[in-house]
Amino acid sequence: MVAAKTDQFGEELQKRANLFKALSHPARLQILQFLAQTRKCLTGDISENFPLTRATVNQHMKELKNAGLIYGHMEGAKIVYCLDLEKINELEEILGNFLEEMHLPADFCCNL
């Protein structure tokens, strides 16, 4: 059996890539911002707040849930969506560490 190419990289890089992949669509970034700006968990269909169909918003929500950035739980017949603050804080740390590890000086220039 052929190993996936991602298996050739360390676990930490794979973890980072999975989180960054979840952030790689503007709709998912907007959903995260929206949940952060409302400063509360939201119940039911949030697609009315976005220029996308309900099915498309739900697919993006699924991607964010799979990455652990949001969670949803049932309350009666509706789903309540919330940011996972622990995972958001972890994301902030991961991104900060990644950028710090690159050690780019302020005067960095790539001349060809």
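Reader: Before we look at any side chain, what do buried, exposed and partly exposed stand for?

Author: Buried means under 20% relative accessible area, exposed means over 50%, and partly exposed lies in between. Take Glu101 as a first case: its relative accessible area is 46%, so Glu101 counts as partly exposed. Please keep in mind that this is a predicted model.

Reader: Thanks! How should I read the confidence, and which elements have the lowest and the highest mean pLDDT?

Author: Where pLDDT is low, the predicted coordinates should not be read in detail. Here the mean pLDDT of the protein is 89, and 96% of the residues reach 70 or more. Strand 1, residues 42–43, has the lowest mean among the elements, at 84, while helix 2 has the highest, at 94.

Reader: What does the secondary structure of the protein come to?

Author: There are four helices and three strands, and along the sequence they follow the pattern α-α-β-α-β-β-α. The radius of gyration is 17 Å, well over the 13 Å that the globule rule gives for 112 residues, so the protein is more spread out than a compact globule. Along its principal axes, the C-alpha trace spans about 55 × 45 × 25 Å. Buried residues make up 25% of the 112 residues.

Reader: On to the inside, then. Which residues touch the most other members of the largest nonpolar core?

Author: That core has 19 residues, and Ile31, Ile46, Met61, Leu69 and Ile70 touch the most other members. Helix 1 (11–22), helix 2 (26–38), helix 3 (54–66), strand 3 (78–83) and helix 4 (85–102) each supply at least two of its residues. Helix 2 gives the largest share, with four residues. For a closer look, try Ile46: leaving out residues up to four places away in sequence, Ile46 touches Ile31, Val57 and Met61.

Reader: I also noticed Ser47. Is Ser47 buried or exposed?

Author: Ser47 is buried, with a relative accessible area of 8%. Ser47 sits in the loop between strand 1 and helix 3. Beyond its neighbours within four places in sequence, Ser47 is in contact with Leu52, Thr53, Arg54 and Val57.

Reader: Now for the charged side chains. How many salt bridges does the structure hold?

Author: Side chains of opposite charge can pair when their charged atoms come close. This structure holds four salt bridges. One of them joins Arg16 to Glu12, with the closest N and O atoms 3.6 Å apart. These two residues are four apart in helix 1, which means they are separated by about one helical turn.

Reader: How accessible are Arg16 and Glu12, buried or partly exposed?

Author: Arg16 is buried, with a relative accessible area of 6%, whereas Glu12 is partly exposed at 40%.

Reader: Which salt bridges tie helix 1 to helix 4?

Author: Among them is the pair of Glu90 and Lys15, whose side chains meet at 3.0 Å, N to O. Glu90 lies in helix 4 and Lys15 in helix 1, so this pair ties together parts that are 75 residues apart in sequence. Glu90 is partly exposed at 24%, and Lys15 is partly exposed at 36%. Another is Glu101 with Arg16, where the closest N and O atoms are 2.9 Å apart. Glu101 lies in helix 4 and Arg16 in helix 1, so the pair ties together parts that are 85 residues apart in sequence.

Reader: And which residues are linked in a network of salt bridges?

Author: The network links Glu12, Arg16 and Glu101.

Methods:
Residues numbered from 1 in each chain as written. Predicted model: local features only at pLDDT ≥ 70, side-chain atom pairs only at ≥ 80, totals over all residues. Heavy atoms only, no water. Core = buried A, V, L, I, M, F, W, Y, C linked by side-chain atoms within 4.5 Å. Buried < 20%, exposed > 50% of the residue type's maximum accessible area, 1.4 Å probe, protein only. Contact = heavy atoms within 4.5 Å. pLDDT = per-residue confidence, 0-100. Rg over C-alpha atoms; globule rule 2.2 N^0.38 Å.
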